Amino acid sequence: MWDKESAERIYHRIGILGWVSFVLLMVLFVRLWYLSVLQGDWYRERSERNWIRVIPLQALRGNVYDCNGKILAEDLPRFRLVLLEGSMQIDEARNKVEKVLQRKLASEFREIAPGEIILLENLSLEEVIKIEEAQEELPGVMVESYPHRFYPVSQVFSHVVGYVGKITSEEFKSLGPLGYEVWDRVGKGGIELFYEDLLRGRKGYRRVEVDALGQVRKVLANHPARFENSIVLTLDRDFQEYCYKLLGNHRGAIIVGKPLTGEILVLVSKPGFNPNDLVEGLSTEKWTELAQDEARPFTNRAIQATYAPGSIFKLLVAIAGLEEGVISAQTTFFCPGFLEYSGKHYYCWNRAGHGTVNVEKAIAHSCNVFFYNLALKLGPEKIVSYAQKFGLGVKTDFDLPGIKEGFLPTPNWKRQTKREIWYPGDTLNLSIGQGYLLVTPFEIYRLLCGIATRGKIYKPHLLKGILDGKGKLIREQKAVLEREIKIKESTWNLLVNGMKRVVTQGTGYACRDIPVKLAAKTGTAQNPHGKDHSWFGGFFPAEDPEVVFLVFVENGGDGSGEAARMARDLIHWFLEKRGVERGRR
């Protein structure tokens, strides 16, 4: 029998046990509330990470079109076979796939993205069908489409459109923070590089469910990659292809454009390279072979190579002389075929001499002696200052990477760098576009644009417009006046008259059959390493120019030869295929 004291002790212990139980329940309740409410999202995310994987899909790049809507660069779909990691052992997958396709796979596989291993790339449609039919015995093995950059006109646009390639470790350091991955491809040159931010598309992703062993159970969502923008260039694909062929086996450059808008219709540099070979990467041996090729196929001769301009530079000397009042339309010099200065003879290209020559005749016949005399009166500094006004020796703002500027020598430069004085012979060489003077073909093209528009130089550009993902035009590039050169109307008239006489009476005789008024100038650049370089450039219709052109041929001989004949053919092609609105005679 329990006495009263024993009963109270038992009740007391039961009470304590009750309170302990209550406290434990409260602790468990608070802990449960903490885990489920306060930490719920964090644990839910970790849980999903354990059974859901997100596999990124390579972004699509936008297309590049010419001004007529023809493709210059596009992503073509290709198919590859991937193994979702954890769904099957790699060796087991290899054996099963080889059995299905009846061919051997590569000995090593690579991971394209976290959780995804490439078994085979560039599958044929027949192989895709075989894999799809054998899906039940290939769990976690999937056919996946991926974009492959393709350039349908390869070498013809290689220097302008450029190419894409695998991102390098150096590029990844700067592009990684912008969302690029180590397996991405990026623009490596030309338009592909300059407009990388526009052409880069949006990545897709695939969400898959995996079990406790990491094996894929099913695909939960598939969001395909897509492109954001395409771009339209001012280039004319057919015209560019024609001009590329026109250069034949020569090395050189051809530039054609519209002076009143800055649009470039043709920008050819030859030789080119096949950008399709570079998309997947070249072997070290092949890359070295191309890089060391003496023809320099990776150099864009139109904007990156410098040469002596030859007699085309005389146009600037004439402008300087007329504007500075050193000569007028009536000023003449006598050309006996040479100029004797300080007991030394400086020869004209025509050793028989041109006789009495004014500025129009000097331009038409490219008389060296006239410009020798003019340059001695002007001095080198004034010649250089007019060259700078037209953009020579000044880097051009243009939508291509790697553009170079030429070099304008001065007495001060020679004194500081060569520790020599500037001799009168240097001035004479400068007057005919020789000596230390260097220009790019693009600079001479810009000079001709400035003369065609009588001083209004519009910013050159390749971008014509931007399309959204549905092909709708969302931005159109407008003409931008870059600079205006104030020169007397009489100077322009004399200059253009002289350039017209180049064709009708002078050194541009190769173009006399052209059915439109043409203003042009020949140039022969002496080359100490071989045959002379050939220049020919101008615009048409002469009085109301719509088109400016420049042809440069390395080792093409004198300007009245190869370059002029090529210019004649390209003008005929343009008039026949595209036509001009005004100025036909």
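1. His-533 has many neighbours. Leaving out residues up to four places away in sequence, His-533 touches Tyr-307, Gly-523, Thr-524, Ala-525, Asn-527, Phe-552, Val-553, Glu-554, Asn-555, Gly-556 and Gly-557. Contact here means heavy atoms within 4.5 Å. The residue sits in strand β23 (residues 533-540). Strands (E, at least two residues) and helices (H or I, at least four) are DSSP runs, numbered from the N terminus. His-533 counts as buried because its relative accessibility is 9%. Buried means under 20% relative accessible area, exposed over 50%, and partly exposed in between (1.4 Å probe, protein chains only). A polar atom of the His-533 side chain lies 2.9 Å from the backbone nitrogen of Asn-555.

2. A note on the basis. This is a predicted model, in which local features need pLDDT of at least 70 and side-chain atom pairs count only at pLDDT 80 or more, while totals for chains, interfaces and linings use all residues. Residues are numbered from 1 along each chain as its sequence is written, and side-chain values use heavy atoms, with hydrogens and water left out.

3. The sheet around β23. Five strands form an open sheet in the order β13-β12-β24-β23-β22, with antiparallel pairing. Two strands pair if DSSP finds at least two bridges between them. β13 (264-270) and β22 (519-525) are the edge strands, and each pairs on one side only. From one strand to the next, the twist averages 5°. Axes are lines fitted to C-alpha atoms, for helices over the stretch in contact, and angles run from 0 to 180 degrees between N-to-C directions.

4. Pairing at the two edges. At one edge, β12 (residues 252-257) and β13 run antiparallel and are joined by 6 bridges. Gly-252 has Lys-270 of β13 as its bridge partner. At the other, β22 and β23 pair in the antiparallel sense over 7 bridges. There Ala-520 has Gly-538 of β23 as its bridge partner. Of the 7 residues of β22, 6 are buried, so this edge strand is largely enclosed by the rest of the structure.

5. Helices on the sheet. Helix α18 (residues 489-504) lies across β22 and β23, at about 75° to β22. Helix α19 (residues 562-577) also packs on the sheet and touches β12, β13, β23 and β24 (547-553). The direction of α19 makes about 145° with that of β24.

6. Nonpolar cores. The largest has 134 residues, and those with the most contacts inside it are Ile-231, Phe-370, Phe-390, Phe-540 and Leu-570. Such a core is a set of buried Ala, Val, Leu, Ile, Met, Phe, Trp, Tyr and Cys residues joined through side-chain atoms within 4.5 Å. α19 gives the most to this core, with 9 residues. Apart from it lies another core of 17 residues, including Leu-83, Val-100, Val-128 and Val-141.

7. Phe-536. This residue also lies in β23. Phe-536 is buried, with a relative accessible area of 0%. Its C-alpha is 10.0 Å from that of Ile-444, and the two are 92 residues apart in sequence.

8. Helix α14 (residues 380-389). Its buried residues are Pro-380, Ile-383, Val-384, Tyr-386 and Ala-387. They cover an arc of only 160° around the axis, so they lie on the same side of α14. The arc is that of the directions from the helix axis to the C-beta atoms. The buried residues of α14 pack against α11 (314-323), α13 (368-378), α15 (411-417) and α16 (424-431). Gly-391 follows α14 and has a positive phi, near 95°.

How values were computed. A polar contact is a pair of N or O atoms within 3.5 Å; within protein, one must be able to donate a hydrogen and the other to accept it, and residues adjacent in sequence count only if both atoms are side-chain atoms.
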